[in-house]
Amino acid sequence: MLIKKERIPVLHILFIGLLPSLLKKMVYRMKGYSIGKNVSISLGAVVIGKKVTIREGSKIGFFTIIRGREIHIDRFVKIGSMSVIDTEKIFIDEDARINEQVYIGGMKTPQSSLHLGKRTIIMQMSYINPTLPVTIGDDSGIGGHCLFFTHGSWNSQLEGFPVKFAPITLGKKVWLPWRVFVMPGVTIGDESVIGANSLITTDIPANSLAAGNPAKVLRENFPKRPDSTAKLNMVETMFTDFYEYLQYCGFEIQKSNSGEVSKTIITGNNKTGTIYFTSGNTITENPSGDSALILMDADKKTVTDFHNKGFKTVVSLNNSIRIGTGDTGEEIIGFFSRYGVRFSRLD
């Protein structure tokens, strides 16, 4: 064979992968990798590439293998344990997450690539074959046991059997629940939802609900958008669930209201945090300590101004933006994600 086949990088795992994260990062920096602050590369995990960038706050789990010619992992990416990402070009944007035991790899070509957008999630036990480019847009979610194939072949094309090589593209805010099979050449438009256990053989237009084997469009102009009153009721339910969850985890909750502003003090585990919520953009109290301000509808300037006034974390729900970080803010932002509510970072 002219081309040496790449196998499991046993020697790299033994001599570099088993090093502590700090020493491993030192070795990788000496190899020319660009590695930002607060990056964690766990025991047994390895990153192998010619041009590698791992930015601030990203975490790679135990015995995960990442291999490619070009690798760019942006800020605050989380990749779970025992996963494999092995293709020519890898681009994972900020706040994306790949869970445990995900396999991304297969036959390689010069076009082989994976591009995950911001805040995308791939759940455990999924398999993605990026022989040709696989592109997944911002805020899209891939459930567990999903299968993506950009090539399909077995029997001889010269005997008339089908052979297909084609990229797969998912738009923004696409949702694939568990066990969805996506065939080569498929494009799924923005904000479409696919039913579980579906087989996607043809393109799905944006804002559609599709399901079946093979999948068919069941509803267009999906979903129906809630009005402001319905949204406010939903948010209040989210807060109720959040505070019940904190109490279940042993925290004490103290609530108070002043006009449009609600204030909740959270204590427990030797920590104290304060959450403010208002449907307007007026709040006169000066924050202190670990504070999070949740605004219903505020633009970038307003969010930034409140952060500059001392709120550690500020969020605008309708505009899906956030700034700052703190234990309390990260806890509620993580809880909001249970309802599909995610935020772009301004900082």
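A polar contact is a pair of N or O atoms within 3.5 Å; within protein, one atom must be able to donate a hydrogen and the other to accept it. The exercises below concern a predicted model.

**Exercise 1. The surroundings of N319**

Determine which side chain forms a polar contact with the side chain of N319, and describe where N319 is placed.

Solution.
1. Locate the residue: N319 belongs to the loop that runs between β33 (313–316) and β34 (321–324).
2. Assess its accessibility: the relative accessible area of N319 is 38%, and a value between 20% and 50% counts as partly exposed, so N319 is partly exposed.
3. List its contacts: with residues up to four places away in sequence set aside, N319 touches D297, A298 and D299.
4. Identify the polar partner: the side chains of N319 and D297 are joined by a polar contact of 3.2 Å, and the cut-off for such a pair is 3.5 Å.
5. Add a backbone distance: the C-alpha atoms of N319 and K300 are 8.5 Å apart, with their positions 19 residues apart along the chain.

**Exercise 2. Two serines**

For S126 and S291, establish the secondary-structure setting, then decide whether each is buried or exposed.

Solution.
1. Begin with S126, which sits in the loop between β14 (121–122) and β15 (127–129).
2. The relative accessibility of S126 is 2%; the limit for burial is under 20%, so S126 counts as buried.
3. Outside its neighbours within four places in sequence, S126 contacts Q101, V102, Y103, I142, G143, G144, H145 and C146.
4. A polar atom of the S126 side chain lies 2.8 Å from the backbone oxygen of G143.
5. Turn to S291, which is part of strand β32 (residues 290–295).
6. S291 has 0% relative accessibility and therefore counts as buried.
7. Beyond four places in sequence, the residues touched by S291 are T274, Y276, G310, F311, K312 and T313.

**Exercise 3. An isoleucine in a strand**

State which residues I98 touches beyond four places in sequence, and place I98 in the secondary structure.

Solution.
1. I98 lies in β11, a strand of residues 97–98.
2. With a relative accessible area of 2%, I98 falls under the burial limit of 20% and is therefore buried.
3. The contacts of I98 include the isoleucines I79, I85, I92, I104 and I122. K78, G80, S83 and L116 are also touched by I98.
4. For one of these contacts, the backbone separation can be given: I98 and I85 are 9.9 Å apart from C-alpha to C-alpha, and 13 residues apart in sequence.

**Exercise 4. Backbone geometry**

Find where the cis peptide bonds to P214 and P223 lie, and describe the residues F76 and H145, which have positive phi.

Solution.
1. The bond from N213 to P214 is cis, with omega near 0°. P214 is in the loop between β27 (209–212) and β28 (215–219).
2. The bond from F222 to P223 is likewise cis, with omega near 0°. P223 is placed in the loop between β28 and α3 (228–248).
3. F76, a residue other than glycine, has a positive phi near 60°. The loop that holds F76 lies between β7 (70–73) and β8 (78–79), and F76 is partly exposed at 23% relative accessible area.
4. H145 is not a glycine either, and its phi is positive at about 65°. H145 lies in the loop between β17 (141–142) and β18 (147–149); at 32% relative accessibility, H145 counts as partly exposed.
5. Connect this to Exercise 2: H145 is among the contacts of S126.

**Exercise 5. The chain as a whole**

Explain why the chain is described as compact, and summarise its surface and charge.

Solution.
1. Count the elements: the chain has five helices and 35 strands.
2. Compare the radius of gyration with the globule rule: 23 Å is close to the 20 Å given for 347 residues, so the chain is as compact as a globular protein of that length.
3. Record the extent: along the principal axes, the C-alpha atoms fill a box of roughly 75 × 55 × 35 Å.
4. Describe the packing: 46% of the 347 residues are buried. Of the contacts between residues at least 6 apart in sequence, 25% join residues at least 24 apart.
5. Describe the surface: about 18,200 Å² is exposed by the chain, with 54% of it supplied by carbon and sulfur atoms.
6. Describe the charge: there are 41 positive and 32 negative side chains, and the centres of the two sets are 7 Å apart.

Conventions:
Residues numbered from 1 in each chain as written. Predicted model: local features only at pLDDT ≥ 70, side-chain atom pairs only at ≥ 80, totals over all residues. Heavy atoms only, no water. Rg over C-alpha atoms; globule rule 2.2 N^0.38 Å. Contact = heavy atoms within 4.5 Å. Areas by Shrake-Rupley, 256 points an atom, 1.4 Å probe, with all protein chains shown as cover. Lys, Arg positive; Asp, Glu negative; His and termini not counted. Charge placed at Lys NZ, Arg CZ, Asp CG, Glu CD. Buried < 20%, exposed > 50% of the residue type's maximum accessible area, 1.4 Å probe, protein only.
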